[in-house]
Amino acid sequence: MTMSDILKLQNGSDVRGVAVEGVEGESINLTPEICRQIGCAYASWLEKKSGIEVCDLRIGVGRDSRVSGPELADALMDGIASAGAKVVDCGMATTPAMFMSIVFEETCFNGSAMITASHLPFNRNGIKFFDNDGGLEHEDITEILKLASLLNPMKASPYTPEFDLLSIYAEYLKNHISDAFGGSKQPLEGLHIVVDSGNGASGFFVDKILKPLGADTTGSQFLEPDGMFPNHIPNPENKQAMEAIRDAVLKNKADLGLIFDTDVDRMSAVLSDGSEINRDSIIAMISAILAPQYPGSTIITDSVTSDRLTYFLEKELGLKHLCYMRGYKNVINKQKELNAAGICAPLAMETSGHGALKDNYYLDDGAFLAVKLVIALAQAAKAGKKLDSLIEKLPPLVEEGEYRFKISGEDFKDYGKSVLEEFKKRAEAAGYELPQSYEGVRLSFKGEDVQGWILLRLSLHDPVMPLNIEGARKGDLAKLVEIARKLTDGFDRLDRSALK
C-alpha cells in the first residue's frame with residue numbers, strides 16, 4: 001500500500017477503515033498487514049516523542065467487540081513488538097480504560113492503543129492512540145501513517161498474555177461512587193438502573209459497578225459483546241438505540257437508564273418518565289452536577305448546542321458558555337487551553353455525548369460521566385428528589401431541523417468558505433443578530449415575529465454544508481427555514497433540496 005493509500009485511513013485524530021467484507025461497494029483497506037506496519041511505526045514514534053528507548057517502552061493494546069478486533073489487535077501488537085517494545089494484550093477494553101492504563105499504578109504504560117471504530121457499522125474498524133498527554137493529535141497520526149508506509153516489520157516474538165485491564169478500570173469507577181458516600185459499600189441500594197450496551201464493550205458497568213454497589217439492574221439489555229451488533233447500533237445519537245433504552249426504562253419502571261457507544265467514550269441517559277437526556281440536556285445535566293463545585297466556571301460545547309442551553313447555563317446556573325467548534329478533540333483542547341490560562345473550565349462536551357472533565361485527566365469517558373449521573377441520582381433520592389430536578393429550568397425543545405447541503409464540483413472547502421462569507425454579508429445587511437461563532441455563521445432571533453437560531457457551517461471532511469435550525473415556539477421553524485432559504489439563494493453548486 002502506498003503512502004497516499006495509508007494516509008487515506010486517517011480520520012481526524014484516529015485511524016479508520018473497512019476491515020471485513022459484507023457491505024456492498026466497500027472494499028477492505030484496513031488489513032492485519034497494515035496494522036502491523038502502523039504498530040511498528042507507533043512504537044518508533046513513541047520512542048522519539050517520549051525520549052525513552054524503544055526496548056524500555058511498555059504499550060498496552062485493547063479492542064472493543066468488533067468481529068475484526070482480535071485479528072487486527074494481534075497484528076498491531078506484532079508490529080509494536082517487532083520495533084522492540086514490550087506489549088501487553090488488554091483484550092476486551094474501552095477507549096477510556098486504555099488511556100487510564102497509562103495512569104494506573106498497576107500498569108503505568110508509556111503508551112496505549114484501542115482497536116475501535118466507535119459507532120460505525122460492523123465492517124469498519126480503526127485505531128485510537130494515547131500517550132502521557134492524552135489522545136494523539138491529527139499531526140501525530142499523519143506522522144505515524146507516513147512512517148508506517150515505509151516499514152515492513154517481521155513477525156515478532158509473543159507478547160504478554162491477556163491482561164484484565166477492565167477490572168482495574170471498573171474498580172476505579174466503583175470506588176469513585178463509593179467515596180462520594182463516605183466509603184459506603186451499598187450506596188445504590190433501593191435504586192433501579194438499567195443499562196443498554198448495544199453489544200459493545202460496556203457490559204462490565206452492570207456486573208462490576210452497579211450490582212456490587214447495590215443497584216437493581218433488572219431489565220439491562222444487550223450486555224454480551226457481539227461485533228455484528230444484532231440489536232441496534234451502539235450509538236447514543238441513534239434514534240433506534242435511544243428508543244431501546246427508553247422502552248427498557250419504562251417497561252422495568254427504572255429510576256435511570258444508561259446507554260453507551262461501542263467503545264464507551266460516549267453516553268446518554270433516560271429518566272424514569274422516559275425523557276431522553278442527550279444532546280443539549282445531557283450537557284445541561286452534567287453542568288448542573290458540577291456547578292456547585294465550580295461556581296462561575298466556563299462550560300465548553302460544540303457549535304450546534306442551542307440558545308436554550310446558553311440560557312440555562314448562564315441565567316440559571318450562573319456559569320459561562322463557550323459555544324466552540326465541532327469535534328471532541330477541538331472542545332477538549334480548548335478546555336486544556338483555558339485551564340492552563342487560569343480560566344476554570346470543568347467540562348468540555350459535545351452534543352454527541354463525548355464529555356471530558358478537568359478532574360478526570362481531560363478524558364472523554366462515557367463511563368465516568370455515567371458515574372457522575374449515578375452519584376447525582378443517589379444523592380437526589382436521599383434528599384427525596386428526582387434526578388430531573390437538576391434540569392427542570394432548562395427550556396424544552398420545541399422545533400428543530402438539520403438540513404445537509406451537498407457541494408458539487410472540486411475545491412469544496414474554498415467554495416464553502418465563499419458561501420459562508422456571502423451568507424454572513426446578507427445576514428448583516430438584513431439586520432440579523434450574529435453572536436460570536438467559532439465555526440460557520442450563527443444567527444440568533446429574539447423578536448416577536450420569530451425566535452430561535454440558525455447555524456450554517458462547512459463539514460470538516462465532506463463536501464457538505466450542514467444547516468442547523470431551532471425554533472423556540474411552534475411555527476418558528478418554518479419561518480427560520482424561509483429566512484435560511486433566502487440567505488442561501490443563488491449558490492449554483494449548493495444542493496438545497498433538503499429544504500423542500
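## Reading strands, cores and rings in a predicted model

Me: Threonine 298 stands opposite lysine 320 in S13. How many bridges join S12 to strand S13, and in which sense do the two run?

Reply: Before the count, note that this is a predicted model, in which local features need pLDDT of at least 70 and side-chain atom pairs count only at pLDDT 80 or more, while totals for chains, interfaces and linings use all residues. Residues are numbered from 1 along each chain as its sequence is written, and side-chain values use heavy atoms, with hydrogens and water left out. Strands (E, at least two residues) and helices (H or I, at least four) are DSSP runs numbered from the N terminus, and two strands pair if DSSP finds at least two bridges between them. Here four bridges join S12 to S13 (residues 320-323), and the two strands run parallel.

Me: Which helix completes a β-α-β unit with S12 and S13?

Reply: Helix H10 (residues 307-316) does, and the unit is right-handed, a term used when, with the strands pointing away from the viewer, the path from the first strand over the helix to the second runs clockwise. Another right-handed β-α-β unit is made by S3, helix H3 (residues 69-82) and S4; there S3 (residues 58-63) and S4 pair in the parallel sense over five bridges, with arginine 63 opposite methionine 92 in S4.

Me: In what order do the strands of the open sheet that holds S12 follow one another?

Reply: The order of this five-stranded open sheet is S13-S12-S14-S15-S16, with mixed pairing. S13 and S16 (363-364) are the edge strands, each with a single partner strand, so one side of each has no neighbour in the sheet. Further in, S12 pairs with S14 (residues 347-349) in the parallel sense over three bridges, isoleucine 299 standing opposite leucine 347 in S14. S14 and S15 (residues 355-357), by contrast, pair in the antiparallel sense over three bridges, and alanine 348 stands opposite alanine 356 in S15. Helix H9 (residues 280-290) packs on this sheet, where it touches S12, S14 and S15, and its direction makes about 175° with that of S14; such angles run from 0 to 180 degrees between N-to-C directions, the axes being lines fitted to C-alpha atoms, for helices over the stretch in contact.

Me: Are the faces of strand S12 covered or open?

Reply: The test is relative accessible area: under 20% is buried, over 50% exposed, and in between partly exposed (1.4 Å probe, protein chains only). Both faces of S12 (residues 298-301) are covered, since Thr298 and Ile300 on one side and Ile299 and Thr301 on the other are all buried. Strand S4 (residues 86-92) is mostly covered, with five of its seven residues buried.

Me: Which residues of the largest nonpolar core touch the most other members?

Reply: A nonpolar core is a set of buried Ala, Val, Leu, Ile, Met, Phe, Trp, Tyr and Cys residues joined through side-chain atoms within 4.5 Å. In the largest, which has 72 residues, Phe205 and Leu258 touch the most other members, and helix H12 (residues 366-382) gives the most to this core, with 11 residues. A second, separate core of 35 residues has Cys35, Ala85, Val87 and Ile144 among its members.

Me: Which residues does aspartate 265 contact, leaving aside its neighbours within four places in sequence?

Reply: With contact taken as heavy atoms within 4.5 Å, the partners are Thr95, Pro96, Lys128, Gly353, His354, Asp364, Asp365 and Gly366. Aspartate 265 lies in the loop between strand S9 (256-260) and strand S10 (267-271), and its relative accessible area of 0% makes it buried.

Me: How many aromatic pairs does the structure hold?

Reply: A pair of aromatic rings is described by the distance of the centres and the angle of the planes. Rings of Phe, Tyr and Trp (its six-membered ring) pair if their centres lie within 6.5 Å; planes under 30 degrees apart count as stacked, over 60 as edge-to-face and the rest as tilted. The structure holds 11 such pairs. Tyrosine 42 and tryptophan 45 have ring centres 6.2 Å apart and planes at 20°, so this pair is stacked; both residues lie in helix H2, three residues apart, about one turn of the helix. Tyrosine 42 and phenylalanine 129, with centres 4.6 Å apart and planes at 35°, form a tilted pair. Since tyrosine 42 lies in helix H2 and phenylalanine 129 in strand S6, that pair ties together parts that are 87 residues apart in sequence. Elsewhere, ring pairs link Tyr169, Phe204, Phe205 and Phe260 into a cluster.
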